[in-house]
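Visitor: I should like a close look at a single part of this structure, with its surroundings described in some detail. Please take one helix and follow its setting outward to the neighbouring parts.

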Amino acid sequence: MRFCETDAVGHVNNVSYFIYLEEARTRFFEFIQMDQLKQRSGGKLHFMVASSKCDYLKQAYSRQRITVHTKVTRIGTKSFQLDHEIKNAETGDVIAAGGATLVCFDFLAQKSVEIPLEIRSVLEQYLLTPAKL
């Protein structure tokens with residue numbers, strides 16, 4: 001946690017948690033090689049956030065070290081859910097829990113589309129099991 005991510009009372013600002021969740025999604029996509037999967041599916045598809053949330057369970061402070069655990073919790077026809085736990089790296093205490101629903105979207109056609117089978121099968125490997133990032 002960086003000092004610039006804190007608010008006037010010295011704890012991490014609520015907006016900063018969404019940055020951590022975005023970083024966790026990015027690392028998860030890198031881990032499963034999402035860019036290569038999308039290319040093999042024609043390269044036209046993207047995943048965009050349709051919904052996101054974060055529940056704040058404990059306060060976090062500047063210079064505190066955290067870990068973020070990410071897992072797939074739902075796979076639909078055109079969307080899937082990633083859930084995250086933000087933990088104190090030293091104690092393992094859960095500081096916050098959040099998630100995002102991501103929709104498979106074709107920007108050329110301007111519509112949501114089915115998740116390709118190859119991407120679906122990779123996502124299923126992490127269904128309810130945290131990825132070891």
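Guide: What follows is an account of one helix, the core it joins, and selected residues in the strands and loops around it. The model is predicted.

The helix is α1, which covers residues 14-31. At 1.5 Å a residue, the 18 residues of α1 should span 26 Å, and the C-alpha atoms at its ends lie 27 Å apart, which agrees with that expectation. Just after α1, glutamine 33 adopts a positive phi of about 60°. The segment α2 covers residues 34-40.

The buried residues of α1 are Ser16, Tyr17, Tyr20, Leu21, Ala24, Arg25, Phe28 and Phe29. They pack against α2, β1, β2, β3, β4 and α3.

Phe28 also belongs to the largest nonpolar core, which has 21 residues. Together with Ile32, Phe47, Phe80 and Leu123, Phe28 is listed among the residues with the most contacts inside that core. At least two residues of this core come from each of α1, α2, β1, β2, β3, β4 and α3. Tyr20 and Leu21, by contrast, are included in a second, separate core of nine residues, as are Val12 and Ala96.

Leucine 123 shows how the larger core is joined across the chain. Beyond its neighbours within four places in sequence, leucine 123 is in contact with Phe28, Ile32, Val72, Ile75 and Phe80. Of the elements that supply this core, α3 covers residues 117-124 and β4 covers residues 94-106.

From Phe28 one may turn to strand β2. Histidine 69 lies in this strand, which runs over residues 66-75. The C-alpha atoms of histidine 69 and phenylalanine 28 are 9.7 Å apart, although 41 residues separate the two along the chain. Histidine 69 is partly exposed, because its relative accessible area of 33% falls between the limits of 20% for buried and 50% for exposed. Its side chain makes a polar contact with the side chain of threonine 67, at 3.4 Å. Apart from neighbours within four places in sequence, histidine 69 is in contact with Asp83, His84, Glu85 and Lys87.

Strand β3 comprises residues 79-88, and asparagine 88 is found in it. Asparagine 88 is 22 residues from isoleucine 66 along the chain, yet their C-alpha atoms are separated by 4.7 Å. With a relative accessible area of 13%, asparagine 88 is buried. The side chain of asparagine 88 reaches the backbone nitrogen of glutamate 90 at 2.8 Å. Once neighbours within four places in sequence are set aside, the contacts of asparagine 88 are Gln64, Arg65, Asp93 and Ile95.

One of these contacts, glutamine 64, sits in the loop between β1 (45-56) and β2. Glutamine 64 likewise counts as buried, at 17% relative accessibility. Its side chain reaches the backbone nitrogen of tyrosine 61 at 2.9 Å.

Two cysteines complete the account. Cysteine 54 is buried, with a relative accessible area of 10%, and cysteine 104 is buried at 0%. The count of disulfides comes to zero.

Key: Residues are numbered from 1 along each chain as its sequence is written. This is a predicted model: local features need pLDDT of at least 70, side-chain atom pairs count only at pLDDT 80 or more; totals for chains, interfaces and linings use all residues. Side-chain values use heavy atoms; hydrogens and water are left out. Helices (H or I, at least four residues) and strands (E, at least two) are DSSP runs, numbered from the N terminus. Buried means under 20% relative accessible area, exposed over 50%, partly exposed in between (1.4 Å probe, protein chains only). Contact means heavy atoms within 4.5 Å. A polar contact is a pair of N or O atoms within 3.5 Å; within protein, one must be able to donate a hydrogen and the other to accept it, and residues adjacent in sequence count only if both atoms are side-chain atoms. A nonpolar core is a set of buried Ala, Val, Leu, Ile, Met, Phe, Trp, Tyr and Cys residues joined through side-chain atoms within 4.5 Å. The expected span of a helix is 1.5 Å times one less than its number of residues. A disulfide is a pair of cysteine sulfur atoms within 2.5 Å.
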